[in-house]
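Student: I'd like to learn to read a model like this one feature by feature. Could you put it up and start with the charged side chains?

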Amino acid sequence: KFHIKFNSGTTALNEVADGKVYVEIDGVVYADASGLFNRHYSNGPIDYVGFFNWTQGGTVPFEVWIDNVIISEGGFQ
């Protein structure tokens, strides 16, 4: 599970450290941080999101559910 929220604000004067990052793999939480500055205020809004070559544009919220992901350092048989 991944949950990422970028901090808000559009200038150096009004940005707020309200960003969040949460990463859970097989029920083990590897990152659970909040109160973050994880986006520079000069970056524009997100135009699209790409995940494993799948993209979604526009402003409508969406979810992507992926199951049985395998990550290997030694290749796959």
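Tutor: A salt bridge here is a side-chain nitrogen of Lys or Arg within 4 Å of a carboxyl oxygen of Asp or Glu. The general idea is simple: side chains of opposite charge can pair when their charged atoms come close. A caveat before we go on: this is a predicted model, where local features need pLDDT of at least 70, side-chain atom pairs count only at pLDDT 80 or more, and totals for chains, interfaces and linings use all residues. Residues are numbered from 1 along each chain as its sequence is written, and side-chain values use heavy atoms, with hydrogens and water left out.

Student: Okay, how many salt bridges does the structure hold, and which side chains meet in a salt bridge?

Tutor: There is 1 salt bridge. Lys5 and Asp18 make it with their side chains, at 3.3 Å from N to O. Lys5 sits in strand 1 (residues 2–5) and Asp18 in the loop between strand 1 and strand 2 (19–25), so the contact ties together parts 13 residues apart in sequence.

Student: Are those residues buried or exposed?

Tutor: Buried means under 20% relative accessible area, exposed over 50%, and partly exposed in between, with a 1.4 Å probe and protein chains only. Lys5 is partly exposed at 30%, and Asp18 is also partly exposed, at 23%. For the whole protein, buried residues make up 8% of the 77 residues.

Student: You said "strand". How do I read the secondary structure?

Tutor: Helices (H or I, at least four residues) and strands (E, at least two) are DSSP runs, numbered from the N terminus. This protein has 0 helices and 5 strands, and along the sequence the pattern reads β-β-β-β-β.

Student: In which sense do strand 1 and strand 2 pair?

Tutor: Two strands pair if DSSP finds at least two bridges between them. Strand 1 and strand 2 do so in the antiparallel sense over 4 bridges, and Lys5 has Lys20 as its bridge partner in strand 2. Next along, strand 2 and strand 3 (residues 28–36) are antiparallel too, over 7 bridges. One of the partnerships there links Glu24 to Val29 in strand 3.

Student: What should I look for at the turn of a hairpin?

Tutor: Check phi. Most residues other than glycine have a negative phi, and most peptide bonds are trans. In the hairpin of strand 2 and strand 3, with 2 residues between the strands, Asp26 takes a positive phi near 50 degrees. Asp26 lies in the loop between those strands and is exposed at 80% relative accessibility.

Student: Which residues form a nonpolar patch on the surface?

Tutor: Patches are made of residues with over 30% relative accessible area and no salt bridge: like charges are joined within 9 Å, nonpolar side chains (Val, Leu, Ile, Met, Phe, Trp, Tyr) within 5 Å. The areas come from the Shrake-Rupley method with a 1.4 Å probe; for residues, only the protein chains shown count as cover. Ile25, Val28 and Tyr30 form the patch, with about 300 Å² of accessible area together. Val28 is in strand 3 and is partly exposed at 41%, while Tyr30, also in strand 3, is exposed at 57%. As for the whole protein, about 6900 Å² is exposed, and carbon and sulfur atoms supply 57% of it.

Student: Is Asn7 buried or exposed, and what is Asn7 in contact with?

Tutor: Asn7 belongs to the loop between strand 1 and strand 2 and is buried, at 3% relative accessible area. Contact means heavy atoms within 4.5 Å. Leaving aside neighbours within four places in sequence, the contacts of Asn7 include Glu15, Asp18, Leu36 and Phe37.

Student: And polar contacts?

Tutor: A polar contact is a pair of N or O atoms within 3.5 Å; within protein, one must be able to donate a hydrogen and the other to accept it, and residues adjacent in sequence count only if both atoms are side-chain atoms. The side chain of Asn7 has a polar atom 2.9 Å from the backbone nitrogen of Asn38, and a polar atom of that side chain lies 2.8 Å from the backbone nitrogen of Arg39.

Student: What does Ala33 touch?

Tutor: Ala33, in strand 3, touches Gly19, Lys20 and Val21, not counting residues up to four places away in sequence. Ala33 is partly exposed at 30%.
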